[in-house]
Amino acid sequence: MTDFTLARDADGVAVITWDVPKRSMNVMSMQGFEELDALIDEALADEAVKGIVITSGKKDFAGGMDLGVIAGMKQSGGDEPARAVFEGVMRMHGVLRKIERAGMDPKTNKGGKPIAAALPGTALGIGLEIPLACHRIFAADNPKAKIGLPEIMVGIFPGAGGTTRLVRKLGAMGASPLLLEGKMNDPKKAKALGVIDEVVEDPLAAAKAWVLQAKDADLVKPWDAKGYKMPGGAPYHPAGFMTFVGASAMVHGKTQGVYPAAKALLSAVYEGALVPFDAALRIEARWFTKVLMDPSSTAMIRSLFLNKEALEKGANRPEAPDQTVRKVGVIGAGMMGAGIAYVSANAGIDVVLIDAAQDAADRGKAHCEGLLDKGISRRKVTTEKKEEVLSRITATTDYAALSGCDLIVEAVFEDIGVKAEVTRNVLAHVGPDCIFATNTSTLPITELAKASDAPDRFIGIHFFSPVDKMMLVEIIKGERTGDVAVAKALDFTRQIRKTPIVVNDARFFYANRCIIPYINEGIRMVAEGVEPALIENAARLVGMPLGPLQLVDETSIDLGVKIAKATKAAMGDAYPDEAVDEVLFWMADQGRMGRKSKSGFYAYDEKGQRSGLWDGLSERYTVSDEQPDLVEVQQRLLFAQVLEAVRAFEDGVLTDIREGDVAAILGWGFAPWSGGPFSWLDMIGAGFAAERCDALAAAHGDRFACPALLREMAQSGAAFYDRYGDGRAARAA
Ligand code: NAD
C-alpha cells in the first residue's frame, strides 16, 4: 500500500500525490514519511524533472499526523523512549529540510528545484508543516477548508518544523494565535495572515505553472538568506523583548502553568529565535520530545483525540441497522428544546418544534434564527444556509405535525407528571418505530418510561447547555431500553456532530453526578471558614475552567436549592449534604441567585460582569485565621469528582472509562491537561490515590472513603488504562 505516488508530466513537472488508501482524509504515518522522502529523492535526482508539486488525491490535503503513531514512537524505543522520539522527530525534520533546500548549493543558494504545495482543501498539522517547507503554497478557493496547526488543542505543539517556520515567517506575535490557540483559518484568511501564498481556482495548475518559471531566488527562504531578521524582532530586540515578556505572562495567565505543551512551545520559540535555523529545529525537536514524554500529553491525545474519535465513530454502538434520523419532533421550545431544534435542522434533519402555546414555539424558532444571524455576522453562515435551516423547522402546537417523525426529543418542564402527559400525547401521533427520548437532567429514565407502552423504545438523550456549543451528549439507558433506541440516539448524535457516551440509569447519570460534589465541596469549604479566593484559585490552578463558587453562580443558586431538596427527599436520612445546604439556602434567602440575578458568591456590576467575590459572605461565614494548604484544597476538589467517577464505574453506571474521561472534559471541563478522572488517577497511581483517600476521609468525612475498586487496584498495583482501556466494564452487564 502506498500513500504517495509520483507522476511526471510532459513539461517536466513531477507531481507527488498524497492519497492514503481507504481513508477519506490523508493522515501521516512513519511509513508515509519514508515514501515521501524516497519520492523527493527520486524527483530531485531526475534530470528531466524541472520542478515538483506536492498535492493530494482527495478533496482535502491532510488532517494531520496519525496521533496513534506519535504515541507508538515512544513505545518503539524500549528502554530509551525519549531517544526514539527525538530521533523520529529529527528524521521528519530531515525530510522537510530536504524539501526546503531542494538540492540547492549551501553556499550560493543556487541550483535547487522549485517545490510547490497545491492544497485542494483542509491542511492541518503536518498537512501544513509540509507546505511550509515548500517554496510556495497554493490553496483552492474553498471557504470550507481549514488551514492551521491545531496541535496545542490535544496537548502537543507543531513539532515537524511548523513552530520554527511559522514564527520565522510571521514573527512571534503574528504566529501566536495560530500556535498557542491552534486557530484555524479558511484559505483567504490564511493568505491575508501570510501563512499561505495564493488562493486560486485550480491550485495544481497554478503550482505547476509556478514551478516552471520560478527563479533561484524564489526558492530561498528568508531564514536561509543573508541578513535575515525575524519579523517583529527576536527576544533581544527592543520590540521582540516586549512580545516575549508579554507572551510568557499571557500563556501562564491562560494556562495557569498546567499545560506542558504551551510552556514548551514558548521555550522552543524563544530559544529557537536566538540561534540559526537548523539549531532551532533541533531545539524544537527537544522540546517536542519533552512534551511527548509528559504523561499529560499522552493522556490528552488519548482522551481528546483517539478516544473521542472512537466514541464518535460508534465504539459503543450496539448491532442494529442504520438509524439515521430524518424527521425529529422536539417537544418544549424553551432553552434546551430550541437548541436541540437548531442543531438538528443544521444537520439537515426536518424538525417539528412543539410547545404548549404558539408564541412559545415561535420564540424557540426565533432563538434558532438568532443563532444563525450571529453566524452570519461572523461570516460562518450564509443567508441561503439560514433560510435553508429555518425552512426545516416547523414551530407549532399541533401534535398531528409529528406524524412521520422517527425520533422525539422531549424537553418540557422537569416534572414527572408533565413529562408523562406529553409522552402519551406524542405516542398517540407517531408510528410504532419512532424512538422517544427525554432530555431530563434529574428524573430516572426507567420511571419516565412507564408513561410509554414501549419502554424498549424509550431512552434518555441528555444535552448540555448551551446546546449549540456543548459537545457532549449523555445517552441514558433505562432498565428496558432496547438496542435500536441506543443505536438511534448514537446515530442522531453523529448526525449533529457531537460526542456521545452511553450510561445506565442512576441519579444524575454521570456528568452531573460528578460535578455536583465538586460544587458542594467548594461550598462546604466556605462554611468551614476557608478563604473563598483560595477555593476559587486552587480550582483554577489545577486546571478547572471555573472555580466551584463561580460555577454555582453560573448554573444558578436556585437550581442548586431545587436539586438539593429533591435529592434530600429521595435519600431521606442518608442525605449527606446538610452542611452545603446551610450555605446554599442562606444565599437563596438573601435573594442571591447567581449571575442571572447579578448577585451570588460573586458581586456583579450593572452589566452582569463579575467584580470580585462578594464580601458579605465573610460576615456570615467567618474566614479562619488558619487556612489549609493549597494542595489540600486542590485535592479535595479533584477527589470529590474523581471518586464519584470511580463509583459510577464501579456501580456499572459508567461502563467504559474512555467515556468517563472524554465526558468529564467535554461535559464539565474537568482539568483537560489530565486527560480526565481515570487518566489522572493513573498518573498519580492507585496506591497514592488510596492513601490520599484515607487521609482525606479521616480529616473531612466518609465522602472521601476509598472505593473498593480503587483499593483493590492500589493493592495489586493496577492502572485503569492497563486494565480497562479497551472499553471493558468493571462489572459484567
Ligand atoms: P425551559 O423552561 O426553558 O423550557 C421548557 C419549555 O417546555 C417551555 O417553553 C414550556 O412552555 C414548554 N412546555 C412545558 N410544558 C409543556 C407541555 N405540556 N407541552 C409542550 N410544551 C411544554 O426549560 P429548559 O431549561 O429548556 O429544560 C427543559 C428540559 O431539559 C428539562 O427537563 C430540564 O431538566 C432539561 N435540561 C435542562 C438543562 C439546562 O441547563 N437548562 C440541561 C440539560 C437538561
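## Ser56 and its surroundings

In which strand is Ser56 found? In this predicted model, Ser56 belongs to strand S4, which covers residues 51–56. Is Ser56 buried or exposed? Its relative accessibility is 10%, so Ser56 counts as buried, the cut-off for this class being under 20% relative accessible area.

The side chain of Ser56 takes part in two pairings described here. One is a polar contact with the side chain of Asn26, at 3.3 Å. In the other, a polar atom of the Ser56 side chain lies 2.8 Å from the backbone nitrogen of Lys58. When neighbours within four places in sequence are left aside, the residues in contact with Ser56 are Thr17, Trp18, Asn26, Phe61, Ala118 and Pro120. Asn26 thus appears both in this list and as the partner in the polar contact of the side chain.

## His237, between two helices

His237 is located in the loop that runs between helix H7 (203–213) and helix H8 (238–255). With a relative accessible area of 40%, His237 is partly exposed, because this class lies between the limits of 20% and 50%. A polar atom of the His237 side chain is 3.0 Å from the backbone nitrogen of Ala239.

## Helix H9

Helix H9 comprises 13 residues, 260–272. What span should a helix of this length have? At 1.5 Å a residue the expected value is 18 Å, and the C-alpha atoms at its ends are 18 Å apart, so the two values agree.

The buried residues of H9 are Ala261, Ala262, Ala264, Leu265, Leu266, Ser267, Ala268, Val269 and Gly272. Among the elements that cover these buried residues are helix H5 (162–180), H8 and helix H10 (277–293).

## The ligand and its shell

There are 21 residues around the ligand, and those that come nearest are Met336, Asp355, Glu414, Lys419 and Ser441. For Asp355, an N or O atom of the side chain is 2.6 Å from an oxygen atom of the ligand. Backbone atoms also take part: an N or O atom of the Met335 backbone lies 3.0 Å from a ligand oxygen, and one of the Gly334 backbone lies 3.4 Å from a ligand oxygen. On its own the ligand has 840 Å² of accessible area, of which the protein covers 75%.

Two or more residues of the shell come from each of helix H12 (335–346), helix H15 (416–427) and strand S16 (458–463). H15 gives the largest share, three residues. By type, the shell consists of eleven nonpolar, seven polar and three charged residues.

Definitions and conventions:
Residues numbered from 1 in each chain as written. Predicted model: local features only at pLDDT ≥ 70, side-chain atom pairs only at ≥ 80, totals over all residues. Heavy atoms only, no water. Helix = DSSP H or I, 4+ residues; strand = E, 2+ residues; numbered from the N terminus. Buried < 20%, exposed > 50% of the residue type's maximum accessible area, 1.4 Å probe, protein only. Polar contact = N/O pair within 3.5 Å; in protein donor to acceptor, adjacent residues only side chain to side chain. Near = heavy atom within 4 Å. Areas by Shrake-Rupley, 256 points an atom, 1.4 Å probe, with all protein chains shown as cover. Nonpolar A, V, L, I, M, F, W, Y, C, P; charged D, E, K, R; others polar. Expected span 1.5 Å × (residues − 1). Contact = heavy atoms within 4.5 Å.
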